[in-house]
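Hi,

Here is the structure I promised to pass on. Have a look first, and then read my notes underneath.

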Amino acid sequence: MSSDSNHFDAAAHGAAAVVSRVAACVEYRGTAYRGWQRQEEGVPSVQEAVEKALSRVANHPVQVACAGRTDAGVHASCQIIHFDSNARRQPLNWIHGANANLPPDISLSWVKVVPMDFHARFSAMARRYRYVIYNDPIRPAHLAHEVTWNYRPLDFERMQRASRVLVGEHDFTSYRAIGCQAKSPVKTVHHLELIRFGRFIVLDIRANAFLHHMVRNIAGVLMQIGAGERPENWAAEVLQARDRREGGLTAPAYGLYLVDVTYPEQFGLPQRYMGPHFLAALNAQD
């Protein structure tokens, strides 16, 4: 073999070994999974399913990092991940290949090659969740594990007024799980609105970071206020108490969706409409 051929083969091998960082958006219905994070063998997780699918497309083992680990039963319309690979694939190849190997309740919606300094978790500036309440006296047969059903009439305006005290930087000790391992309970809520869409009441919240069960505990407090079980100023009293025992019930997991993650513009990540899908019409109000 000529020296030119040897040089070409070495160059080709070097090109194939170049590692790229790939970001992707994952949406999933969390009902069948014990949360996002990989568990012990035999316990289903979203992370495990995604890694297996991407590994098949890459033809090598893939490990992913995510923007935020969701709990068992929690859904996402915009979970951001990243992984490193030396496989040369076009974005559509990653998307179609992964989706062909994923179960029907998990899907990749976009893929983009990003700089190596991008990190799905540590580059994130803010995260946004929506908690979806179906308010009707009759239990719905559809969306049973994708919304929280509340049969009591909820006073939307009362809930909206009560929620305003939670905007800004606060100590959210009363709104986090007792076992929460975050170093600080102080978080900044940039945006908190309640949106009414027919029989749906949607709690839409964006913050720099969230504590364990924080959104579900906020939803639980606001539903009790909306049902007239607690006074309107109870949300503020709970906040000021800095004691989880004062915070009432934690709302069910299956009404909660991770719907957006904000990153610096320099990464140029694609944007999709705000989820979940069945509430896509709400995007006109964003």
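Helix α3, residues 91–101, has W94, I95, G97 and A98 as its buried residues. An α-helix has 3.6 residues a turn, so residues three or four places apart point the same way. The buried residues of α3 pack against two strands that come before and after the helix in the numbering, β3 and β4 (106–114), and also against β1 (20–28) and α2 (46–58). Do keep in mind that this is a predicted model.

Next, the annotated spot. The unreviewed UniProt entry puts an "active site" feature at D71. In the model, D71 is in the loop that runs between β2 (65–66) and β3 (75–85). Is D71 buried or exposed? Neither, quite: its relative accessibility is 26%, so D71 counts as partly exposed. If you skip the neighbours within four places in sequence, the residues in contact with D71 are G35, H212, H213 and R216. With H212 there is also a polar contact between the side chains, at 3.1 Å.

Then there are the aromatics. How many aromatic pairs does the count come to? It comes to ten. One of them is Y129 with F210, an edge-to-face pair with 5.0 Å centre to centre and 80° between the planes. Y129 belongs to strand β5 (residues 126–135), while F210 is in the loop between β9 (200–207) and α5 (214–226), so this pair ties together parts 81 residues apart in sequence. Y129 has 10% relative accessibility and therefore counts as buried. F210 counts as buried too, because its relative accessibility is 19% and the cut-off for buried is under 20%.

Y134 and F200 make another edge-to-face pair, this time with 5.6 Å centre to centre and 65° between the planes. This pair also links distant parts of the chain, with Y134 in strand β5 and F200 in strand β9, 66 residues apart. Both Y134 and F200 are buried, and they form one aromatic cluster together with Y257 and F278.

One last thing to look up while you have the model open: R230 and W234. The charged end of R230 sits over the ring of W234, at 4.3 Å from the ring centre.

If you want a place to start, try D71, the residue with the "active site" feature in UniProt, and its side-chain polar contact with H212. From there, go on to the cluster of Y134, F200, Y257 and F278.

Cheers

Methods. Residues are numbered from 1 along each chain as its sequence is written. This is a predicted model: local features need pLDDT of at least 70, side-chain atom pairs count only at pLDDT 80 or more; totals for chains, interfaces and linings use all residues. Side-chain values use heavy atoms; hydrogens and water are left out. UniProt positions are given in the numbering used here, feature names are shortened, and annotations may be inferred rather than shown by experiment. Helices (H or I, at least four residues) and strands (E, at least two) are DSSP runs, numbered from the N terminus. Buried means under 20% relative accessible area, exposed over 50%, partly exposed in between (1.4 Å probe, protein chains only). Contact means heavy atoms within 4.5 Å. A polar contact is a pair of N or O atoms within 3.5 Å; within protein, one must be able to donate a hydrogen and the other to accept it, and residues adjacent in sequence count only if both atoms are side-chain atoms. Rings of Phe, Tyr and Trp (its six-membered ring) pair if their centres lie within 6.5 Å; planes under 30 degrees apart count as stacked, over 60 as edge-to-face and the rest as tilted. A charge sits over a ring if NZ of Lys or CZ of Arg is within 6 Å of the ring centre and within 35 degrees of the ring normal.
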